[in-house]
Amino acid sequence: MIRADRVARVMRLHARCIVYFNAVREYRSVREAARRLNVTPSALTRQIAQMEDEIGCPLFDRLPGGMVPTAAGEIISRHIITVMQDAVRTDEQIAALSGLRGGRISLMTVEGVAGDLMARLLTRMTQSHPGIDLHAETGSPAAIVTALSTGATDLGIAFSLEPPDELRQVAVAHFPVGVVMRTDHPLATRRRIGIQDLLDQPLILPSDSLSLHRVMEPMLRPWRDQIDMVLETGSIELTNRMVMAGAGLAFQSRLALEFDIGRGALAHVPLDDPRAVTDLGAYVRDARWLPPALEQLIAEVRATLRAMQAPPVHPPRSPG
């Protein structure tokens, strides 16, 4: 049985203090949150103090760098994010009953899919659902996890992500990892390449800020002492430009290269290793209902990934 006094205490959170608390959490400052909400700092401070009295413990640590949620504040944060996202879903469902279609959806992707794949996806979405307001950003895998967890974005798309428990994968496709080189490179005509074939080549390697680093590490580890690494970077754009300039070879899936491959600037040769596969997944917060506009975007992501997914990678053939 649910105690009535506990219900009453929790329900008191579902008021103006939700907006106030979330603003302080987002801007890490009472003064800035008050300015954004067009209220006085004293009014906002009273609301936070009232919440802390109701909960029975502090919700923010007042640090030199700003106000940071305490352990209890983090629990309240997750609750409030869910409440606010569900409020948006409810509003969109009511609008749908009135024959209105629309909504605002934000998504964040890693840099490697911001080109061809995202252009295809967003073009499909704008054509099939013109009433939806889309907002797209790029970010690192860690930034995508944070944005999803805090409710700053609705959908995240990343390679080989190891998501925390609060995120849920809603779509996935598998793509082979290969060697990236200029089309005039002697190895560009090969059907497959092994790591051992690259020991005399300058290599541009992914830094640990990229999920590709985790995919490549087991394959590169046995050859570390023999590899000629000229650069390690977390920038796919920089990697492609360095390869194009002839500075070295790199490792990527084709998704980050479609434009350059199409215009004949770069070549992509699959690695001869069954582990050389990266998963491209789409993720949402697990503890939320999906508004209709987000469900439509997820459907378009699945359709786009199906259209772009490469044939499955087979184990290397034995010689002879």
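1. Start with helix H3 and its outward side: Arg-31 and Arg-35 are the exposed residues on the face turned away from the buried side. This is a predicted model, so read that placement as the predictor's. On the inward side, the buried residues of H3, which spans residues 30-37, are Val-30, Ala-33 and Ala-34. Looking down the helix axis, these buried residues fall within an arc of 100°, so they line one face of H3. What sits over them? The cover includes helix H2 (16-27), helix H4 (41-55) and strand E2 (66-69).

2. The two ends of H3 are worth a look too. At the N-terminal end, Ser-29 acts as the cap, with a side-chain oxygen 3.3 Å from the backbone nitrogen of Arg-31. So Arg-31 turns up twice: as the backbone partner in that cap and as an exposed residue on the outward face. After the helix comes Asn-38, which has a positive phi, near 60°.

3. Just ahead of the cap is Arg-28, in the loop between H2 and H3. Its phi is near 60°, which is positive even though the residue is not glycine. Buried or exposed? Neither label fits, because its relative accessibility is 41% and Arg-28 therefore counts as partly exposed.

4. If you're checking backbone angles, add Ser-160 to the list. Phi there is near 40°, again a positive value in a residue other than glycine. Ser-160 belongs to the loop between strand E5 (155-159) and E6. Unlike the partly exposed Arg-28, Ser-160 counts as buried, because its relative accessibility is 16% and the cut-off for buried is under 20%.

5. That loop leads to strand E6, residues 167-182, which pairs with strand E11 (residues 277-285) in the antiparallel sense over nine bridges. One bridge to pick out in the viewer is Ala-173 with Leu-280 of E11. E6 also pairs antiparallel with strand E10 (residues 266-270), over five bridges. Then there is strand E9 (residues 249-253), joined to E6 by four bridges and likewise antiparallel.

6. Which residues stand opposite Val-180? In E9 the residue is Ala-250, and in E10 it is His-268. That makes Val-180 a handy place to start when tracing how E6 meets these strands. When you follow side chains along E6, keep the usual pattern in mind. In a regular strand the side chains alternate between the two faces of the sheet.

7. Now to a long-range packing site. Leu-121 lies in helix H6, residues 116-128, and is buried, at a relative accessible area of 1%. Outside its neighbours within four places in sequence, Leu-121 contacts Leu-107, Ile-157, Leu-297, Glu-300, Val-301 and Thr-304. Take Thr-304: that residue is 183 residues away from Leu-121 along the chain, yet their C-alpha atoms are separated by 6.1 Å.

8. Glu-300 gives the view from the other side of that site. Glu-300 is part of helix H11, residues 292-308. Is this acidic residue buried or exposed? With a relative accessible area of 10%, Glu-300 is buried. Leaving out residues up to four places away in sequence, Glu-300 touches Leu-121, Arg-124, Met-125, Ser-128 and His-129. If you plan to look at protonation, Glu-300 is easy to find through its contact with Leu-121.

9. For the chain as a whole, the secondary structure comes to 11 helices and 11 strands. Of the 320 residues, 43% are buried. The accessible surface comes to about 16,700 Å², and 53% of that belongs to carbon and sulfur atoms. Among contacts between residues at least 6 apart in sequence, 75% join residues at least 24 apart; the pair Leu-121 and Thr-304 is separated by 183 residues along the chain.

10. Last, confidence. The mean pLDDT is 82, with 84% of residues at 70 or more. Strand E7 (residues 202-206) has the highest confidence, at 96, while helix H1 (residues 4-11) has the lowest, at a mean of 44. Over residues 1-13 the pLDDT is below 50, and that stretch has nine contacts in the model beyond near neighbours in sequence. Residues 312-320 are also below 50, with eight such contacts. Where pLDDT is low, the predicted coordinates should not be read in detail.

Terms used:
Residues are numbered from 1 along each chain as its sequence is written. This is a predicted model: local features need pLDDT of at least 70, side-chain atom pairs count only at pLDDT 80 or more; totals for chains, interfaces and linings use all residues. Side-chain values use heavy atoms; hydrogens and water are left out. Buried means under 20% relative accessible area, exposed over 50%, partly exposed in between (1.4 Å probe, protein chains only). Contact means heavy atoms within 4.5 Å. Accessible areas come from the Shrake-Rupley method with a 1.4 Å probe; for residues, only the protein chains shown count as cover. The arc is that of the directions from the helix axis to the C-beta atoms. A polar contact is a pair of N or O atoms within 3.5 Å; within protein, one must be able to donate a hydrogen and the other to accept it, and residues adjacent in sequence count only if both atoms are side-chain atoms. Two strands pair if DSSP finds at least two bridges between them. pLDDT is the predictor's confidence in each residue, from 0 to 100.
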